[in-house]
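Biologist: Could you take me through this two-chain model? Short answers, please, with the reasoning shown.

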Amino acid sequence: MPSRASGTRWLRSSLFLAGLPVAVGLAAGLTGSSPAAPPSQADAVLRGRQLVLQHGCAGCHGGVVSPAQDGWLVGMRGPELEFRIGPCAFQPGAEPCFRTRPRNLTPDNLTGLGRFSARQIFNALRFGLRPGETPDLEITSTTPGEGNHPLDPKYLAPPMPWPAFRHMPDAELWAIAAYLKDGVQAVSHRVDDSEGPPDFWAEAYTVEAIGPHPAAAFPTGNEVRPAAGSTELAKVLKGRELVISHACGDCHGGGGNPAAEGWLAGVRSPQMEFPVGPCIADSTKPCLMQRPRNLTPHQATGTGGYSERQIFNALRYGLRPSETPDLAISSTILGRGNFPATPNYLGQGMPWPYWRYMSDEDLWAVAAYLKHGLKPVANQVKDSDSPADFWASEYTVEKIGTYPAPSFPTAHERRPGG
Amino acid sequence: MWSLLLLVTIADTLVSPPLLENRSREPNTVEVTLTATPTRLSLVPGVETEAYAYNGRVPGPTLSVREGDKVIIHFRNALSEETTVHWHGLHLPFSADGSPFHPVGPGEQLDYVFTIPEGTAGTYWYHPHPHHRTRDQVAKGLYGAIVVRAANDPLPPLPERLLILSDNRFLVNGAVDLPARRTPQGRIDFENGREGDLMFVNGQLMPTVRIRSGEVQRWRVINASAARVYRLAIPGHRILHVGSDGGLFQEPVDTSEILVASSERVELLVRGTGPPGSRSVVQDLPYDRYIQQTRPPDWERPRDLVALQYTAEPPIDPVTLPATLRAVPALDTTRVRETRVMVLTQGFINGKAMDLNRVDETAELGASEIWQIENLVGMDHPFHLHGFRFQVLDRNGVPEPYPSWKDTVNVPKHTSARIIVRFDDYAGKWMFHCHILDHEVHGMMGILEVR
């Protein structure tokens with residue numbers, strides 16, 4: 001399934017091709033803002049559903065992109081969906097080799113999250129703390145041993161992208177917890193425990209490795225305050241938060257840290273390229289090399305020559321800005337409503353089938369940040385390889401599901417309290 | 001020369017701890033003195049260890065009592081730290097439970113007074129239970145057996161052996177190896193519970209038990225290890241499993257191996273089915289109770305515990321064993337006042353670490369309750385309840401094949417168990433906890449108030 005493949009490869013690429021044993025964390029982000037009045041549980045569940053969709057949780061945890069699909073969030077269903085973390089990711093048989101397995105996120109008591117509190121789910125997403133190894137307490141510090149943060153924290157196994165997810169605002173993390181606890185049908189499905197080192201990845205998830213939370217203040221040296229009259233600052237800041245919490249920098253440069261060199265400037269070394277295609281399953285088969293492009297607003301080499309609408313269309317529809325006219329698109333059906341009859345899609349690995357579930361407002365915010373919140377960096381990235389159809393056969397509704405998502409609740413979901 | 005060698009090799013070397021001397025002249029009364037002292041002992045040959053001992057020895061002397069006895073234990077703490085004595089598995093008043101609520105300070109004395117209820121004949125044990133220090137005090141030598149006998153024991157008189165299993169680990173200088181929490185080994189101990197590379201039986205390494213071909217012996221086995229789960233087997237032998245924590249079953253169970261988790265006890269009938277002069281070994285077979293992250297690299301190695309040496313004497317006719325041992329009436333599940341869920345995670349019960357100032361559960365005196373214990377993590381947790389024996393109803397939904405009295409139930413990784421318990425006789429605050437001592441001391445424990 002291309003959507004799973006893209007999500008998985010997105011993670012794999014960020015983990016392994018960067019030469020790091022674990023996920024590259026995100027160092028930037030904004031402090032979460034609490035809503036003035038708490039939303040109703042029903043609202044939170046719906047918001048959580050959208051966040052689960054747009055962050056691609058199901059790409060690893062089951063169901064790929066559609067809540068209507070069997071196996072929605074029930075966890076890994078076959079050994080081929082395990083991750084291999086460590087040197088064995090590059091060289092079969094190398095040690096150590098930790099097999100990690102996306103767990104069952106449905107609210108089943110014994111095999112899922114049913115017995116964990118919303119707070120434990122929040123703590124998993126914000127602090128990366130394993131619910132089964134962490135007390136159910138409010139945590140007020142990111143420093144181990146302070147503010148109920150365990151002295152010896154035990155972290156979720158890579159590639160769970162919590163270093164990115166932690167930069168979502170509080171209300172969004174609570175909404176995800178609400179959806180998982182109250183918006184999903186419980187399914188009994190045991191996933192074997194993930195493996196890991198005796199320190200439960202503590203050495204990999206230091207502040208030095210994944211950056212602080214909250215992230216460096218805006219603007220860093222890579223960023224710029226939007227020019228007067230160009231756009232609203234709040235929109236740029238929201239876009240920045242989304243870019244960080246969606247781990248864009250893991251592939252496009254800078255990891256999670258807007259202060260890092262190469263932040264969103266695209267491939268700057270061969271290690272940032274990653275292969276897709278038949279070679280993933282069979283190393284004797286050919287590879288299509290993907291090269292995350294320069295997202296800074298540099299005119300010749302980045303996004304400077306494209307409109308915010310083209311960036312929006314890339315994120316919502318997967319359409320390559322360079323091969324798609326700058327038009328408002330009103331349909332997902334080929335040839336209708338300005339949707340190209342023969343669409344040219346972004347290279348595989350770019351998880352736009354998830355990103356498209358962001359709200360319009362959020363996608364415009366991402367575009368605004370890329371166009372108006374970043375300093376342009378000249379960095380010409382060679383085009384990604386792609387098949388002759390520019391991946392059109394991989395991005396059919398059958399393979400990536402529908403946009404918009406099926407209405408709530410599907411057979412795998414439930415109304416809160418229902 | 002050969003006959004001498006033969007005699008040497010077949011000598012029975014398993015030493016049972018002496019019995020605590022009863023000073024009382026009253027009928028049905030047992031009055032003993034028990035003192036915990038720091039001492040230097042040779043726990044491993046060739047080196048002395050700074051140890052703790054009850055009445056000067058490790059394991060401590062055995063408390064032998066009968067159903068109905070009034071028991072008075074004059075306990076003195078000669079250690080330089082606080083301790084208690086917990087009478088593991090016995091049904092007794094809160095004040096006599098030896099839980100962290102009743103610490104005995106250095107140099108202080110406390111009389112533990114209780115009466116052994118009828119129907120509770122079985123094998124129990126005693127050990128310290130002070131706040132945060134149980135693991136270290138047990139590791140340094142504070143543990144001993146309790147045998148409660150019934151006037152109407154259904155088994156015929158049989159040669160009886162007591163086997164207290166306890167693994168331990170020492171530094172080169174003989175000190176008990178108790179690494180700090182935040183060292184690599186300390187971390188592993190914290191996770192797995194501390195295991196030792198030396199397997200002691202009654203404080204001895206690989207003792208020999210002599211058996212005559214055809215003979216049947218009654219063994220009482222106590223797992224006094226901090227964490228290790230013993231998967232007991234005697235290659236070439238079937239075992240008659242006749243009892244558990246709270247005494248005999250209704251009927252013997254014929255089996256090839258028995259799992260004994262930390263603090264559990266079993267009663268076995270070992271039948272001398274081997275030929276005269278042959279030798280076998282009681283083993284602890286590999287059992288994967290571990291999470292992958294800290295699973296010991298040699299966990300798959302069987303460990304020898306006791307040599308079983310057949311005498312050269314000709315076989316004797318086996319004694320006739322009763323088909324039925326005693327009635328173990330199942331507790332009534334139709335009159336359950338409350339059903340509670342106990343969620344076990346790694347180091348926590350219901351998401352909480354123990355707080356002596358907090359009551360986690362409140363139950364009514366005399367009420368029956370069902371506790372559903374769910375282990376959500378990839379490591380076994382032996383769940384122990386103080387003061388009240390219980391029966392296991394089912395494990396992972398599979399009904400228990402026969403009722404038995406338990407005070408500890410091992411809940412394997414990612415499984416559940418339901419138990420039924422009746423809170424008879426004694427109000428008070430009772431601990432429930434994981435009996436992996438490292439987990440217990442770090443807070444995998446809760447407080448039940450019965451009132």
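Modeller: One definition before we start. Helices are DSSP runs of H or I with at least four residues, strands are DSSP runs of E with at least two, and both are numbered from the N terminus. Note too that this is a predicted model.

Biologist: How many helices and how many strands are there in chain B?

Modeller: Count the DSSP runs along chain B. The result is four helices and 31 strands.

Biologist: Why can chain B be called as compact as a globular protein of its length?

Modeller: The globule rule gives 22 Å for 451 residues. The C-alpha atoms occupy a box of roughly 70 × 55 × 50 Å along the principal axes. The radius of gyration of chain B is close to the rule, so the chain is as compact as a globular protein of that length, at 21 Å.

Biologist: What share of the contacts in chain B with a separation of 6 or more comes from residues 24 or more positions apart?

Modeller: Burial first: 47% of the 451 residues of chain B count as buried. Then take contacts with a separation of 6 or more. Pairs 24 or more positions apart account for 77%.

Biologist: Which element gives the most to the side of domain 2 of chain B that touches domain 3 of chain B?

Modeller: Chain B is divided into domain 1 (2-149), domain 2 (160-310) and domain 3 (333-450). The contact between domains 2 and 3 takes 21 residues from domain 2 and 19 residues from domain 3. On the domain 2 side, helix 3 and strand 16 (247-255) of chain B each supply at least two residues. The top contributor, with three residues, is strand 16 of chain B.

Biologist: By class, what makes up the side of chain B that touches chain A?

Modeller: The contact takes 20 residues from chain B and 16 residues from chain A. Helix 3 (184-192) and strand 21 (336-345) of chain B each supply at least two residues of the chain B side. Sorted by class, that side has seven nonpolar, 10 polar and three charged residues.

Biologist: Now chain A. What is its radius of gyration?

Modeller: Chain A has 13 helices and four strands. Its C-alpha trace spans about 50 × 50 × 45 Å along the principal axes. Buried residues make up 52% of its 418 residues. The globule rule gives 22 Å for that length, and chain A is close to it, so it is as compact as a globular protein of that length, with a radius of gyration of 20 Å.

Biologist: Are helix 8 and helix 12 of chain A roughly parallel or roughly perpendicular?

Modeller: Helix 8 (residues 233-245) and helix 12 (residues 360-372) of chain A pack with their axes 7 Å apart, at an angle of about 100°. Angles of 65 to 115 degrees count as roughly perpendicular. That makes helix 8 of chain A, relative to helix 12 of chain A, roughly perpendicular.

Biologist: How do the residues in the contact of helix 2 with helix 6 of chain A divide by class?

Modeller: The axes of helix 2 (residues 41-54) and helix 6 (residues 170-182) of chain A come within 7 Å and cross at roughly 100°. The two helices are therefore roughly perpendicular to each other. Helix 2 of chain A contributes residues including A:R47, A:L51 and A:V52, and helix 6 of chain A contributes residues including A:W174, A:I176 and A:Y179. The contact divides into nine nonpolar, two polar and four charged.

Biologist: What covers the buried residues of helix 4 of chain A?

Modeller: Helix 4 (residues 118-127) of chain A has eight of its 10 residues buried. Among them are A:I121, A:F122, A:L125 and A:F127. The cover includes helix 5 (162-165) and helix 6 of chain A.

Biologist: Is A:N222 buried or exposed?

Modeller: A:N222 is found in the loop between helix 7 (207-210) and helix 8 of chain A. Leaving aside neighbours within four places in sequence, A:N222 is in contact with A:P258, A:A259, A:W263, A:L374 and A:K375. The cut-off for burial is 20 or more other C-beta atoms within 10 Å. A:N222 has 23 within that distance, so it is buried.

Key:
Residues numbered from 1 in each chain as written. Chains lettered and ligands numbered in written order. Predicted model: local features only at pLDDT ≥ 70, side-chain atom pairs only at ≥ 80, totals over all residues. Rg over C-alpha atoms; globule rule 2.2 N^0.38 Å. Buried ≥ 20, exposed ≤ 12 C-beta atoms within 10 Å, placed from the backbone. Contact = placed C-beta atoms within 7 Å. Nonpolar A, V, L, I, M, F, W, Y, C, P; charged D, E, K, R; others polar. Domains from an automatic or database assignment. Axes fitted to C-alpha atoms, helices over the stretch in contact; angles between N-to-C directions. Parallel < 35°, antiparallel > 145°, perpendicular 65-115°, else oblique.
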